[in-house]
Amino acid sequence: MKRSLLVAAAVVALAAMPALADDVTPPPWRGQWSTTLQYWEFGPANSGTADVLPDGPGPLKEGPPYEPGYLPSTKIIEIVPDPVNPDWIDLDPFGSVREGIWALSGHMDIIVDNHEPPNDYKLVWVQVTWHEGDTQHPDEPHFVNLDPTPINPPAIVDEFVWCNDWKTTVYEWRIEPNPPDEMFRLQGDILVDQLVIDTWCIPEPMTLGLLGLGGLAVLRRRRK
């Protein structure tokens, strides 16, 4: 029942959103006020090893209307690849049509900016499309918090298996109190094809009430 409700809510939220590849379980709150959405497909434009900006569509800024754009500090700031395999792979070595793949046995460091901080708490929803690297030593994605503020490990929300044993694993963090931004490390002996990150800075209860009653204009005037 819980899975059905989640899927139904996601379908509603996606009605006005652009389709993303391997976006198998978007958060049900995507598109709400104070959310961001960014993704990486790691095509030729993102084959560098530093300051890898998202492919798009960028975060949803305060609205309505919601305007696409980038929070400049949201990016991959370092990729340390597998020292044996090529840094960046054009085509899937396992025979699928996937393009633009990072072979990790090192790590991928990501900084995620916030929208409208500070708030009471924040949700971070990460979808990673990956494949085991060395099949003799199976491994899975691991996330390490690089911020000085302790953050609980993410919970696995869902997982989808594609052809040729590619997987999309979905993780969720609840971070409280909400920091200005987060920096975390993705590591493991894995191949990474795509990365989708949603965030939601949860407003205080009073703000949520105003938004639910259509009081966003009142809130904006109060801030001015």
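Author: Start with one yardstick. Buried means under 20% relative accessible area, exposed means over 50%, and partly exposed lies in between. Arg185 sits at 23% relative accessibility, so it counts as partly exposed. This is a predicted model, so read every value as computed from it.

Reader: How many helices and strands does the chain have, and in what order do they run?

Author: The chain has three helices and 10 strands. From the N terminus, the order is α-β-β-β-β-β-β-β-β-β-β-α-α.

Reader: What share of the residues is buried?

Author: Of 224 residues, 47% count as buried. The chain exposes about 11,200 Å². Carbon and sulfur atoms supply 58% of that area.

Reader: What share of the contacts comes from residues 24 or more positions apart?

Author: Take the contacts with a separation of 6 or more. Residues 24 or more positions apart make up 71% of them.

Reader: How should I read salt bridges, and how many are there in the whole structure?

Author: Side chains of opposite charge can pair when their charged atoms come close. A search of the whole structure finds seven salt bridges. One of them joins Asp193 and Arg98, at 2.6 Å from N to O. This pair links distant parts of the chain, 95 residues apart. Asp193 lies in strand β10, while Arg98 lies in the loop between β3 and β4.

Reader: Are Asp193 and Arg98 buried or exposed?

Author: Asp193 is at 1% relative accessibility and counts as buried. Arg98 is at 12% and also counts as buried, because the cut-off is 20%. The two belong to a network of salt bridges that includes Asp22.

Reader: Which residue forms a salt bridge with Arg185?

Author: Asp109 does, with the closest N and O atoms 2.7 Å apart. Arg185 is in strand β9 and Asp109 is in strand β4, 76 residues apart. Asp109 counts as buried at 5%, whereas Arg185 is partly exposed.

Reader: Which residue meets Lys122 in a salt bridge?

Author: Glu182, at 2.5 Å from N to O. Glu182 lies in strand β9 and Lys122 in strand β5, 60 residues apart. Glu182 is buried at 3%. Lys122 is buried at 0%.

Reader: How do I read a positive phi?

Author: Most residues other than glycine have a negative phi. Phe42 has a positive phi near 60 degrees and is not a glycine. Phe42 lies in the loop between β1 and β2. Its relative accessibility is 0%, so Phe42 is buried.

Reader: Where is Asn164 found, and is it buried or partly exposed?

Author: Asn164 is in the loop between β7 and β8. Asn164 counts as partly exposed at 33%. Its phi is positive too, about 60 degrees.

Reader: What does the side chain of Thr169 join in a polar contact?

Author: The side chain of Trp130, at 2.8 Å. Thr169 lies in strand β8 and is buried at 1%. Set aside neighbours within four places in sequence. Thr169 then contacts Val126, Gln127, Val128, Trp130, Ile156, Asp158 and Glu159.

Reader: How many disulfides does the structure hold?

Author: Zero. Look at two cysteines: Cys163 is exposed at 52%, while Cys201 is buried at 0%.

Definitions and conventions: Residues are numbered from 1 along each chain as its sequence is written. This is a predicted model: local features need pLDDT of at least 70, side-chain atom pairs count only at pLDDT 80 or more; totals for chains, interfaces and linings use all residues. Side-chain values use heavy atoms; hydrogens and water are left out. Helices (H or I, at least four residues) and strands (E, at least two) are DSSP runs, numbered from the N terminus. Buried means under 20% relative accessible area, exposed over 50%, partly exposed in between (1.4 Å probe, protein chains only). Contact means heavy atoms within 4.5 Å. Accessible areas come from the Shrake-Rupley method with a 1.4 Å probe; for residues, only the protein chains shown count as cover. A disulfide is a pair of cysteine sulfur atoms within 2.5 Å. A polar contact is a pair of N or O atoms within 3.5 Å; within protein, one must be able to donate a hydrogen and the other to accept it, and residues adjacent in sequence count only if both atoms are side-chain atoms. A salt bridge is a side-chain nitrogen of Lys or Arg within 4 Å of a carboxyl oxygen of Asp or Glu.
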